[in-house]
Amino acid sequence: MAQHLQVPVDTKVYELHRVCEISRIPFLSMTSFLPRSVDLSMDSERYKGSLYAILEQKGISIKKVDEQISIAYADDRLASELGLDLDAPVLKRVRTSYDQTGRIIEYVVVFYRPDKYVYSVSYGE
């Protein structure tokens, strides 16, 4: 993780794991890693909404993201969290987010149920 966040190997980082639902049906499992310099609250109730809104309150603006999207297969934990069969295909998104100074603020791995999520992109005007 130190390599992904560009911090020294012995540096402690935050790990924030969330499962999001739509109408009480889980549709994604997300694990975010952030450098300790972000100084987050340890109150898990704070993270039921937008992490980026919390970062904005701390004066951190996400200005750039790099994303990779691929297919993966549900392991025991993911199958249980998302209500899927073991080895069911899932959409995997890995994102690195950078703040206004170019510093890496978040490395996140998200798994989506393919029957509950559509990824759409629009470019241009």
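With which side chain does the side chain of R93 make a polar contact at 2.5 Å? The partner is the side chain of Y112. The model examined here is predicted.

R93 lies in strand β4, which spans residues 89-99. Its relative accessibility is 11%, so R93 counts as buried. The cut-off for that class is under 20% relative accessible area. Besides the contact with Y112, the side chain of R93 makes a polar contact with the side chain of E67, at 2.7 Å. The surroundings of R93 were then listed without its neighbours within four places in sequence. On that basis, R93 is in contact with E67, Q68 and I69, with V108, V109 and V110, and with Y112.

The pairing of R93 and E67 also counts as a salt bridge. The closest N and O atoms are 2.7 Å apart. This pair links distant parts of the chain. R93 sits in strand β4, whereas E67 sits in strand β3 (residues 62-73). The two residues are 26 residues apart. Their exposure was also assessed. R93 is buried, whereas E67 is partly exposed because its relative accessible area is 32%.

A search of the whole structure finds six salt bridges. Side chains of opposite charge can pair when their charged atoms come close. One of the six joins E81 and R77, with the closest N and O atoms 3.5 Å apart. Both residues belong to helix α3. They are four residues apart, so about one helical turn separates them. R77 has a relative accessible area of 45% and is therefore partly exposed.

Another salt bridge is formed by the side chains of R103 and D99, at 3.2 Å from N to O. R103 counts as partly exposed, at 34% relative accessibility. D99, in contrast, is buried, with a relative accessible area of 5%. Some salt bridges share partners. Through them, E67, R93, R95 and E106 are joined into one network.

The nonpolar interior was examined next. The largest nonpolar core holds 18 residues. Within this core, the residues that touch the most other members are L5, L78, L84, V90, Y107, V109 and F111. Four elements give two or more residues to the core: helices α1 (2-5) and α3 (76-82), and strands β4 and β5 (104-112). Strand β5 gives the most, with four residues. Y107 illustrates the surroundings of one such core member. Residues up to four places away in sequence were not counted. Y107 then touches M1, H4 and L5, as well as T31, S32 and F33, and also V94, R95 and T96. Apart from the largest core lies another, of eleven residues. Among them are V38, L40, Y47 and L51.

Nonpolar residues also form a patch at the surface. I69, Y119, V121 and Y123 make up this patch of about 460 Å². I69 is also one of the residues in contact with R93. Y119 is found in the segment after β5. Its relative accessible area is 37%, so Y119 is partly exposed.

Taken together, R93 draws several of these features into one picture. This buried residue makes side-chain polar contacts with E67 and Y112. R93 also belongs to the salt-bridge network with E67, R95 and E106. Its contacts include V109, one of the residues that touch the most other members of the largest nonpolar core.

Notes:
Residues numbered from 1 in each chain as written. Predicted model: local features only at pLDDT ≥ 70, side-chain atom pairs only at ≥ 80, totals over all residues. Heavy atoms only, no water. Buried < 20%, exposed > 50% of the residue type's maximum accessible area, 1.4 Å probe, protein only. Polar contact = N/O pair within 3.5 Å; in protein donor to acceptor, adjacent residues only side chain to side chain. Contact = heavy atoms within 4.5 Å. Core = buried A, V, L, I, M, F, W, Y, C linked by side-chain atoms within 4.5 Å. Patch = residues over 30% accessible without salt bridge, like charges linked within 9 Å, V, L, I, M, F, W, Y side chains within 5 Å. Areas by Shrake-Rupley, 256 points an atom, 1.4 Å probe, with all protein chains shown as cover. Salt bridge = Lys/Arg side-chain N within 4 Å of Asp/Glu carboxyl O.
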